[in-house]
Amino acid sequence: MSAVVGRLVLYAKLVRLDKPIGTLLLLWPTLWALWIAADGRPSVKLILIFSLGTLLMRSAGCAINDYADRDFDLHVERTKNRPLTSRKISANEALAVAGVFALLAFLLVLQTNALTIALSVPALVIAASYPYTKRFFAIPQAYLGVAFGFGIPMAFAAQTGAVPALAWVMLLANIFWAIAYDTEYAMVDRYDDLKLGLHTSAILFADYDIAAVMLCYALVIGLMGKIGVTLDFGWIYYVGLAIAACMMGFHYFLIRSRDCAGCLLAFRRNNWVGAAIFAGILGNYIIR
């Protein structure tokens with residue numbers, strides 16, 4: 001029994017159940033979309049489907065990521081002790097774990113409608129292929145933004161049976177948000193990634209990395225503000241955006257020295273950015 005428990009602990013670490021920040025960064029934009037698509041009244045069923053589905057797909061993505069990067073991660077101090085990289089579990093085990101989580105997520109999607117099911121196919125392909133973009137794409141963080149934001153069109157599809165232009169604007173905002181927060185994350189591994197010949201936005205932006213992060217944050221606020229104007233949202237929504245903008249602005253002081261601890265802290269604090277925007281959306285519908 002202890003051997004089984006030990007194996008399950010390794011699987012839990014493989015899918016980062018001990019590090020929920022990735023799940024939260026995936027969940028917040030999905031909830032933004034779900035509440036807006038439902039005009040503030042999403043069904044409990046859809047909330048549960050998308051919340052659990054987000055956890056399952058992020059878990060599958062982590063397992064696939066570690067499978068794809070297993071040889072690179074050996075040479076990075078921060079990742080060399082991951083279960084697959086340290087050979088505590090096999091590559092085939094990691095693929096099996098990814099497959100189980102992806103299958104469970106798909107079973108949840110089957111409880112929605114045909115359009116949402118159809119959208120789940122490119123969502124899976126994008127999530128599975130993301131780890132490989134670091135080998136050839138100059139800014140894989142943009143691809144990550146699509147992967148982490150695909151719950152947006154899926155939420156609209158599940159709630160309304162269609163994906164309006166507004167959903168794609170929100171997805172674009174999420175892409176800029178992902179570039180911002182994952183550049184902060186990539187700044188930690190910049191020198192290891194350079195030695196390994198990998199591509200990241202931190203390498204692409206070079207000395208302009210901090211300026212690029214702040215510009216992307218500004219674009220997020222601008223696009224989300226445009227959504228608020230389009231939907232005739234009330235003042236409380238803009239209070240939420242203002243709080244998020246202040247948090248983003250404070251990140252400058254966390255990353256300006258490019259200190260690893262500060263960059264990681266800034267990355268993790270994006271959870272509160274997403275929460276502030278969601279609070280503004282939620283508050284708007286409650287007051288209205």
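**Two residues and two cores**

Threonine 116 sits in helix H5, which runs over residues 114-133. The structure here is a predicted model. With a relative accessible area of just 1%, threonine 116 falls under the 20% cut-off and therefore counts as buried. Setting aside neighbours within four places in sequence, the contacts of threonine 116 are Phe50, Val109, Met154, Ala157 and Ala158.

Histidine 199 makes for another case. This residue belongs to the loop that links helix H9 (190-196) and helix H10 (201-205). Its relative accessibility comes out at 30%, so histidine 199 lands between the 20% and 50% limits and is classed as partly exposed. Once neighbours within four places in sequence are left out, histidine 199 is in contact with a run of residues, Lys134, Arg135, Phe136, Phe137 and Ala138, along with Pro140. As for alanine 105, it lies 94 residues away from histidine 199 in sequence, and the C-alpha to C-alpha separation of the pair is 30 Å.

Turning to the nonpolar interior, the largest core takes in 78 residues. Within this core, the members that touch the most others are Trp32, Ile36 and Met224. For isoleucine 36, the partners beyond four places in sequence are Phe156, Leu166, Met170, Ile227, Leu231, Phe233, Ile281 and Tyr285. There is also a second core, separate from the largest one and made up of 10 residues; among them are Ala63, Ile89, Val97 and Ala98.

Conventions
Residues are numbered from 1 along each chain as its sequence is written. This is a predicted model: local features need pLDDT of at least 70, side-chain atom pairs count only at pLDDT 80 or more; totals for chains, interfaces and linings use all residues. Side-chain values use heavy atoms; hydrogens and water are left out. Helices (H or I, at least four residues) and strands (E, at least two) are DSSP runs, numbered from the N terminus. Buried means under 20% relative accessible area, exposed over 50%, partly exposed in between (1.4 Å probe, protein chains only). Contact means heavy atoms within 4.5 Å. A nonpolar core is a set of buried Ala, Val, Leu, Ile, Met, Phe, Trp, Tyr and Cys residues joined through side-chain atoms within 4.5 Å.
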